[in-house]
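Trainee: Please take one part of this model and go through it closely. I would like the strand pairing treated before the charged pairs and the core.

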Amino acid sequence: MAFTRRKLAGFSALTLASFVATHTATPAHAEWHPFATSATKSKGFSHWLSDITLTGLIDGGIMANPARPADGYNYGDFFGDHANQAQLNQVVLTLQKANTGDASEYQVGFTLQGIYGSDARYYHLVGISDQEWKSRYQLIPAQAHVDVHLPWATNGGLDMQAGILQAPMGVEVMDPTARPFYTLAYTSQYSVPFEHVGAMFNWHVNKTVDVTFGIDTGNQVTFGTADNNSRPAGYFGINLNNLLGGKLKIVELSRVGPENSSSLMGPYVANQAERFWNDINATLQVNDRLSVTAEFNYLHDQGLKTPTANQNNGPLKAADAFSVVTFLSYVITPSLTFNYRGEIYRDNNNALVATFMGNNSYMNAISGHGTSTLYPGPGGHGTTYGELTLGVNYHPGLGKYVRVFAIRPEIRFDRSLNNTHPFNSGRNNGMFTFGGDAMIGF
């Protein structure tokens, strides 16, 4: 029997759900050491090789929309963008040597990660993988970096990552095991970067303060003609750890650099108009069961609304967005967690939030090349989006050979708070979706 890719995605998600029904929940800490040797107590190269791990993950899901939008898309949703269709979101393989030794020692590690699935459409790097695939399921080198620990200046030393990096800004990440929901907040899709080629540094000043800084080619671009403009960008920020007796952590990260495409906006606008990204989040572990997180984000682009690509001088027209996202997580039982997310997102110029219709539309918009078919935000004045998502995470242990297993149903309510009508092909000022994902990994 021949399966289409759509049928394969649905089959994968249903298989994961069926798998849990026939297995007893037991704790699991599975990982494979492909280069393990008997000389694990030595300090030589054989010991370094023995610490290399290989892990894998499969994640698939669906977001149902009773309104059945005419274009088939859930507006403002990247990972669950196709309404009422199951998707194989990620098949992940990660080969890694983590630096977990003493902070007083020099350490060298690495991370190599490949991802295949529908999520990969949004995480390409221009010039590396963005034009290699045309289908919904695509392949990316999600991470490929060298990790170095330098015991310099302070007891904690300096950590460096250089290569293909996942962007460090924000609360929600691409890895489904490290975020509470299948879907993402507007902030996590439109107001933080995704991928970089560059170097990031984390200086551990003391037990409370970490300083972060870095430089890269830009969001999801590389070098030369594979950069959408001719300027680099960079990060700077600070982490405050172990506050309130270890219960509170605060992360502030800012980023500045041009991000617009010369092909779309002209070299002057693309190279002169800076984009300022700013994100601060705080997580409080109230007790053993309850944790809460608040995130504040502000993005300002000096040229995103400049109307002509032929402008060589003169004033630029800026666009900006700001948002507040709150999270709550409550452990009901060791294998069941309740999660809440609430968000208010203001797209002040209707320049950021859109649905990218077509498998390559998002990356074509980043690069400025090719055709980018999208359903834009409402015209005229800006839109204030409200979003509320509720869900549970059922994550039993399935034995020593299964590293992670989870089923995460969720219900989500999206609404325009100022009566614009962006949802369900422009018919409604609100949207109700429900669904979730299932994942299994070794």
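Mentor: Strand 3 and strand 4 run antiparallel and are joined by eleven bridges. This is a predicted model, and the pairing described here is read from its coordinates. Within strand 4, Pro141 is the bridge partner of Gly114. Strand 3, residues 107-117, also pairs with strand 2, residues 87-97, again in the antiparallel sense, over seven bridges. On that side, Gln113 in strand 3 stands opposite Thr94.

Strand 4 leads on to the interior. The largest nonpolar core has 44 residues, and Phe78, Tyr345 and Tyr362 are those with the most contacts inside it. Strand 4 (138-150) is one of the elements that supply at least two residues each to this core; among the others are strand 1 (53-64), helix 3 (186-190), strand 17 (404-416) and strand 18 (430-441). Helix 6 gives the largest share, three residues. Leaving aside residues up to four places away in sequence, Tyr362 touches Phe78, Phe194 and Phe356, along with Arg121, Tyr122 and Gln220.

The charged pairs come next. Side chains of opposite charge can pair when their charged atoms come close. Here the count is eight salt bridges. One of them joins Arg255 to Asp216, with 2.7 Å between the closest N and O atoms. Arg255 lies in strand 9 (residues 248-258) and Asp216 in strand 7 (residues 209-216), so this salt bridge ties together parts that are 39 residues apart in sequence. The relative accessibility of Arg255 is 1%, so it counts as buried. Asp216, at 5% relative accessibility, counts as buried too. Arg255 also meets the side chain of Glu259 in a salt bridge, at 2.9 Å from N to O, and Glu259 is buried, as is Arg255.

Another salt bridge is formed by Asp301 and Arg275, whose closest N and O atoms are 2.6 Å apart. This pair links distant parts of the chain, with Asp301 in strand 11 (residues 290-301) and Arg275 in strand 10 (residues 274-285), 26 residues apart. Both Asp301 and Arg275 are buried. Finally, a network of salt bridges links Glu172, Arg341 and Glu387.

How values were computed. Residues are numbered from 1 along each chain as its sequence is written. This is a predicted model: local features need pLDDT of at least 70, side-chain atom pairs count only at pLDDT 80 or more; totals for chains, interfaces and linings use all residues. Side-chain values use heavy atoms; hydrogens and water are left out. A nonpolar core is a set of buried Ala, Val, Leu, Ile, Met, Phe, Trp, Tyr and Cys residues joined through side-chain atoms within 4.5 Å. Buried means under 20% relative accessible area, exposed over 50%, partly exposed in between (1.4 Å probe, protein chains only). Helices (H or I, at least four residues) and strands (E, at least two) are DSSP runs, numbered from the N terminus. Contact means heavy atoms within 4.5 Å. Two strands pair if DSSP finds at least two bridges between them. A salt bridge is a side-chain nitrogen of Lys or Arg within 4 Å of a carboxyl oxygen of Asp or Glu.
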